[in-house]
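Grab a pencil and work through the exercises below with the model open beside you. Try each task before you read its solution.

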Amino acid sequence: MGLQSLKTLQLEDIYWIVKFGLPKKKGTIYDLRQQSFENIDPPAFFLSTGRCGTKWFSGLLSKDRSMKVLHSPDPTLALQGKMVYEHVRRGLLPEHKSLIREIYLSGRESYLRYAYKCSRRIIETNNYITFFAPVLR
């Protein structure tokens, strides 16, 4: 990264560089969506009820620099997970699945984009996404 490119960095760029490292390639969330996220390593999810060792797994897995482990990402999607639970409990309709997928993606698009740009695999151990399981696959 040259001096010229450092001058054009936004605060948000610096935030993601600190979290993920320097990007190795360019890409936008629009490109990733058009390709159905096929150009990123498939994320892995630890679904749980919480308080069952996911933080321990996060610490263990985060030692591998090819992964980006999210234990308590922001946003947590806690309230959205409750809403998803209510829909799942009543019976998930096909149109609900696409909306639930969009809710999840809206909270994780930046993580997915930087995972692609930095060639890292997302591992999420956040218990608040358990009810998103029907759309995470």
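A residue is called buried when its relative accessible area is under 20%, exposed when it is over 50%, and partly exposed in between, using a 1.4 Å probe and protein chains only. You're looking at a predicted model, in which local features need pLDDT of at least 70, side-chain atom pairs count only at pLDDT 80 or more, and totals for chains, interfaces and linings use all residues. Residues are numbered from 1 along each chain as its sequence is written, and side-chain values use heavy atoms, with hydrogens and water left out.

**Exercise 1. Find which elements have the lowest and the highest mean pLDDT.**

Start with the term: pLDDT is the predictor's confidence in each residue, on a scale from 0 to 100. Next, take the whole protein: the average is 93, and 96% of the residues score at least 70. Now go element by element. Helices (H or I, at least four residues) and strands (E, at least two) are DSSP runs, numbered from the N terminus. Helix H1 (residues 3-7) comes out lowest with a mean of 67, while strand S3 (residues 121-124) comes out highest with 98. A word of caution to finish: where pLDDT is low, the predicted coordinates should not be read in detail.

**Exercise 2. Work out the strand order of the sheet and name its edge strands.**

Here, two strands pair if DSSP finds at least two bridges between them. Step one: S2 and S3 run parallel and share four bridges. Within that pair, Lys68 has Ile122 as its bridge partner, and Leu70 has Glu124. Step two: S1 and S3 are also parallel, joined by two bridges, and Ala44 sits opposite Ile123 of S3. Put together, that's an open sheet of three strands in the order S1-S3-S2, with parallel pairing. S1 and S2 are the edge strands, since each pairs on one side only. Being at the edge doesn't leave S2 bare, though: Met67 and Val69 on one side, and Lys68 and Leu70 on the other, are all buried.

**Exercise 3. Describe the surroundings of Ser48, and decide whether Ser48 is buried or exposed.**

First, place the residue: Ser48 is in the loop between strand S1 (44-45) and helix H4 (54-61). Second, check the accessibility: Ser48 counts as buried because its relative accessibility is 10%. Third, list the neighbours, taking contact as heavy atoms within 4.5 Å. Leaving out residues up to four places away in sequence, Ser48 touches Thr54, Asn127 and Thr130. Last, look at the side chain: one of its polar atoms lies 3.2 Å from the backbone nitrogen of Gly50.

Now compare that with Thr49, in the loop between S1 and H4. Thr49 has a relative accessible area of 75%, so it is exposed. The C-alpha atoms of Thr49 and Phe131 are 10.0 Å apart, although 82 residues separate them along the chain.

**Exercise 4. Look for unusual backbone geometry at Arg51, Leu77 and Pro75.**

The background: most residues other than glycine have a negative phi, and most peptide bonds are trans.

- Arg51 has a positive phi, near 60°. Arg51 belongs to the loop between S1 and H4 and is exposed, given a relative accessible area of 88%.
- Leu77 also isn't a glycine, yet its phi is positive at about 70°. Leu77 falls in the loop between S2 and H5, and with a relative accessible area of 4% it is buried.
- Pro75 lies in the loop between strand S2 (67-70) and helix H5 (78-90). The peptide bond leading into Pro75 from Asp74 is cis, with omega near 5°.

**Exercise 5. Count the disulfides.**

Chemically, a disulfide is a covalent bond between the sulfur atoms of two cysteines. The working rule asks for a pair of cysteine sulfur atoms within 2.5 Å. Apply that rule and you get zero disulfides. As for the setting of the cysteines, Cys52 is partly exposed at 47% relative accessible area, whereas Cys118 is buried at 1%.

Methods
Polar contact = N/O pair within 3.5 Å; in protein donor to acceptor, adjacent residues only side chain to side chain.
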